[in-house]
Amino acid sequence: LRHKGYRVVARNWRCAAGELDLIVREPRTVVAVEVKTRASLAFGSPLEAITPQKAARLRRLTARWLSENPQEVDVVRIDVVAVFVPASGPAQVRHLQAVA
């Protein structure tokens, strides 16, 4: 994400309601990033782990982070970084924007 120009402002932010993996910034945007990693597709792809319930929880957590860390922003979004690590070969990384 840094190579794409994002600035990491928080990692593994926790509160009683849960955890956000990353909070990153673009100039006028705050992005909560959920990182999902899989070494096997036996239980589905990393993206399949983002259920409607998970997306709703991420939205609530992002709102809570913003209430505790006020920011001047125009856009707030939730992204997913999906990492698949096969038994051989390089890891495959996909960054999907505005998933929830």
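This report describes helix α1, residue K36 and the salt bridges of a predicted model.

## Helix α1 and its two sides

Helix α1 comprises the 17 residues 52–68, which at 1.5 Å a residue should span 24 Å, and the separation of 25 Å between its end C-alpha atoms agrees with that expectation. The buried residues of this helix are K54, A55, L58, L61, T62 and W65. Because they cover an arc of only 125° around the axis, they lie on the same side of α1. An α-helix has 3.6 residues a turn, so residues three or four places apart point the same way.

The buried residues of α1 pack against four strands, namely β1 (7–15), β2 (18–26), β3 (29–38) and β4 (75–84). On the other side of the helix, P52, Q53, R60 and S67 are exposed.

## K36 in strand β3

K36 belongs to strand β3, and its relative accessibility of 17% is under the 20% limit, so this lysine counts as buried. When neighbours within four places in sequence are left aside, K36 is in contact with P46, A49, I50, K54, V81, A82 and V83. Of these partners, K54 is one of the buried residues of α1. The side chain of K36 is also joined to that of E34 by a polar contact of 3.4 Å.

## Salt bridges

Side chains of opposite charge can pair when their charged atoms come close. The structure holds seven salt bridges, among them one between D74 and R28, in which the closest N and O atoms are 3.2 Å apart. This pair links distant parts of the chain, since D74 sits in the loop between α1 and β4 whereas R28 sits in the loop between β2 and β3, 46 residues apart. D74 counts as exposed because its relative accessibility is 58%, while R28, at 39%, counts as partly exposed.

Another salt bridge lies within helix α1, where E68 pairs with R64 and the closest N and O atoms are 3.1 Å apart. Because E68 and R64 are four residues apart in the helix, about one helical turn separates them. E68 is partly exposed, with a relative accessible area of 44%, and R64 is likewise partly exposed, with a relative accessible area of 34%.

## A network around R77

The side chains of R77 and D79 meet in a salt bridge with an N to O distance of 2.8 Å, and both of these residues are buried. Salt bridges with shared partners join R77 and D79 with E26 into one network.

Notes: Residues numbered from 1 in each chain as written. Predicted model: local features only at pLDDT ≥ 70, side-chain atom pairs only at ≥ 80, totals over all residues. Heavy atoms only, no water. Helix = DSSP H or I, 4+ residues; strand = E, 2+ residues; numbered from the N terminus. Expected span 1.5 Å × (residues − 1). Buried < 20%, exposed > 50% of the residue type's maximum accessible area, 1.4 Å probe, protein only. Arc of directions from axis to C-beta. Contact = heavy atoms within 4.5 Å. Polar contact = N/O pair within 3.5 Å; in protein donor to acceptor, adjacent residues only side chain to side chain. Salt bridge = Lys/Arg side-chain N within 4 Å of Asp/Glu carboxyl O.
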